[in-house]
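Reader: I've got this model open and I'd like a close look at the charged contacts and at the spaces that might hold something. Could you walk me through them in one go?

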Amino acid sequence: MANAPRQVKVIPFQHPSAFTSSSSSTSIGFTAKWRGNLNRMSFLEWMELLFPCFRWIRTYKWREYLQVDLMAGITVGVMLVPQAMSYAKLAGLHPIYGLYSGFVPIFMYAIFGSSRQLAIGPVALVSLLVSNVLGSIVHSSDDLYTELAILLALMVGILECIMGLLRLGWLIRFISHSVISGFTTASAIVIALSQAKYFLGYSIVRSSKIIPLAKSIIAGASQFSWPPFVMGTLILAVLLIMKHLGKSSKRLRFLRAAGPLTAVVLGTVFVKIFHPSSISVVGEIPQGLPKFSVPKDFDHVKSLIPTAMLITGVAILESVGIAKALAAKNGYELDPNQELFGLGVANICGSFFSAYPTTGSFSRSAVNHESGAKTGLSGITMGVIMCCALLFMTPLFEEIPQCALAAIVVSAVMGLVDYDEAIFLWHVDKKDFLLWTITSITTLFLGIEIGVLVGVGSSLAFVIHESANPHIAVLGRLPGTTVYRNVEQYPEAYTYNGIVVVRIDAPIYFANISYIKDRLREFELNIDRSTKRGPEVERIYFVIIEMAPVTYIDSSAVQALKDLYQEYTSRNIQIAIANPNREVLLTLSRSGVLELIGKEWYFVRVHDAVQVCLQHVQKMNDASKGGDVTPKKQSGFLQRILKEKSQSELNPEKEPLIAQDV
């Protein structure tokens, strides 16, 4: 009995026939559950779904929240008035359209938006996109320019609403943070250079590329004027000092929000007193609220579609990202799709009241959060401040120097130059640093639109490359355990002669199956004998594939597995599958791979597969040495192996690994 084969205890593997019908009922069950949830919703729940503002209105703590919401709203509202005029000038529009864009959209977002701290309105990046695209269609002094900007707001709003209703907010996941950082850094530099004309006192070319801007600045150097340069520089210095003090001290944080208003007041007072002829001012601003009007000139819709899509993408990147971060800090959940819908409604309604595209502002949202805003009431307060400015304060804005508004824009975008992120990426991940560099360089030299496309394309290319070249590990057994881990990570793990265990750490589909097959062939040929144990054989007889990390397998991969099985069979190698999940096992069963490989070669654990294969290797080793082994039953696979060895056929006894009836 000394030579009797050792009994191998394995966990019986469940056949997929027990749950093959469940997949068809999954979608039915999901639909029924969805309908049931809708039917069970109360009136208040319906109101919260349609009007997210009800979520904070119902639970509003008046004593605790009212004062901080009002103070935050007033603070950001005072900050928004001069910024809105500055960004309108950046967009090539009259400053009044910046004020209009900070009026109606704020109220609409407070009703339909889900973030309680996000401050929406005109922003620098969207303003530059509007200027860059519309400037190539019509001159900014033409009335058509303004009409197209308003039409663009309507198109952006419709796109955002469609994406929100179709729940496409998940698309942001495919754009890496390094791409966003590189894009905003380059855009900030371009925006700052575009404002140089107000500092230098002469016109420069309108462009989103750094080379034409630099050439234009150098070419007009002979027209340089000292007064606007000195005033703009001094105001910019005041803004930066106030911003720094506001960030460094909690007691002085009001200075950060008061900076733009201070710049406007200082510039206006100087102009009122000295009346310098070389410093240009804003000029006449219409008084009163915007009138209702439907956007016109739909003939240009086709040419504006790419820009509308680009601005929508920027809105997703900027607004949703900021809103999610603020929601996490304030302890409530935010639905990105509801957020997109709220932004869309704000832009659509804004376009009926002469607003150009708006989105969430990073700087104003940060100030709103730091000021203690708890609910959307702070946003309504901002809208009231803007309403008062339109009704009563526009005559005061006529003497604001253009260089003061330019200083506000430059001060705002300087915070977007994220060189710290580049240094961090260089030390942490060279691939992400490469993405950051590619995006920033293409945005600087080829323009914002191409920069976005190249950045997003590069990000997707990296995703595709990682997916098409998944990590595949050779597993070894940790000493004293039945646990199998990557031998590169755990050098003490040992493997067995004649057996290779691999783990595929990704779904298997058409894009990566060729790479997986090539790696499996490498593992079969490149055998490291330094950590091998068990019977000494000269080649691989078993390839065990652990499929625990494999969440999905498609038809192309199934066909490739069949080809791989035939290839292994021709070389007398048997495949064994360990721990496939439910969906993968169903696919293998339906495609016939389960029967092709053999139901007895599917295992619950890697250790079960190794022990069974090890017994086969031991038997073959004994047979090759002339040992007397009597098989209990025959196996075609072992027949081929032992025929190659010119020995008798054999097969060890073992418990059934899988039910034989399908």
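Author: Let's start with R582, which is partly exposed at a relative accessibility of 31%. Keep in mind that what you're looking at is a predicted model. R582 has a salt-bridge partner in E583, and their closest N and O atoms are 2.4 Å apart. E583 counts as partly exposed too, with 40% relative accessibility.

That pair is one of 12 salt bridges in the count. Another one joins the side chains of E595 and K599, at 4.0 Å from N to O. Here the partners fall into separate classes: E595 is partly exposed, with a relative accessible area of 45%, whereas K599 comes out at 7% and counts as buried, because the buried label goes to anything under 20%. Then there's a small network, in which D518, R521, E567 and R571 are held together by salt bridges with shared partners.

For a link across the chain, try R167 and D335, whose side chains form a salt bridge at 3.7 Å, N to O. These two are 168 residues apart, and the bridge ties together distant parts of the chain: R167 belongs to the loop between α8 and α9, and D335 to the loop between α14 and α15 (336-351). R167 is partly exposed at 48% relative accessibility, and D335 gets that label at 27%.

W170 is found in the loop between α8 (143-165) and α9 (177-194). With a relative accessible area of 38%, W170 is partly exposed. It belongs to a nonpolar surface patch with L171, F174, L460, V463 and I464, and the accessible area of the patch adds up to about 510 Å². W170 can be a patch member because the cut-off for joining is over 30% relative accessible area, and W170 has 38%.

Now for the spaces, pockets before cavities. The largest pocket has a volume of about 1,100 Å³. Its lining takes in 45 residues, and I322, F362, S363, G415 and L416 are the ones nearest the centre. If you want to find the walls on screen, pick out α4 (62-90), α7 (124-135), α9, α12 (226-248), α13 (254-274), α14 (301-330), α16 (362-370) and α18 (402-414), each of which gives at least two residues to the lining. Sorted by class, this lining has 24 nonpolar, 13 polar and 8 charged residues.

The second largest pocket holds about 640 Å³ of space. It is lined by 24 residues, with I175, M309, G313, V452 and V456 closest to the centre. Two or more lining residues come from each of α8, α9, α14 and α21 (448-468). Of these, α14 provides the largest share, 8 residues. The class split for this second pocket is 19 nonpolar, 4 polar and 1 charged. If you're colouring by helix, α9 and α14 are worth picking out, as they are named for the lining of the largest pocket and again for that of the second largest.

What about enclosed space? There are 4 cavities of 30 Å³ or more in the structure. About 80 Å³ belongs to the largest cavity. It has 14 lining residues, and those closest to its centre are I106, Y109, A110, L118 and G379. α6 (104-112) and α17 (377-393) each contribute at least two residues to that lining. By class, the lining of the largest cavity divides into 7 nonpolar, 6 polar and 1 charged.

Last on the tour is the second largest cavity, at about 50 Å³. Its lining can be listed in full: L475, G476, R477, Y484, Y494, T495, Y496, I499, V501 and V610. Strands come into play here, with β3 (472-477), β5 (495-496) and β6 (499-504) each giving two or more residues to the lining. The largest share, 3 residues, is from β3. Sorted by class, that lining has 7 nonpolar, 2 polar and 1 charged residues.

Notes. Residues numbered from 1 in each chain as written. Predicted model: local features only at pLDDT ≥ 70, side-chain atom pairs only at ≥ 80, totals over all residues. Heavy atoms only, no water. Patch = residues over 30% accessible without salt bridge, like charges linked within 9 Å, V, L, I, M, F, W, Y side chains within 5 Å. Areas by Shrake-Rupley, 256 points an atom, 1.4 Å probe, with all protein chains shown as cover. Helix = DSSP H or I, 4+ residues; strand = E, 2+ residues; numbered from the N terminus. Buried < 20%, exposed > 50% of the residue type's maximum accessible area, 1.4 Å probe, protein only. 1 Å grid on protein atoms, 1.4 Å probe; cavity = no way out; pocket = protein on both sides within 12 Å on 5 of 7 lines; lining within 4 Å. Points joined across faces, edges and corners; volume = space filled by probe spheres on them. Nonpolar A, V, L, I, M, F, W, Y, C, P; charged D, E, K, R; others polar.
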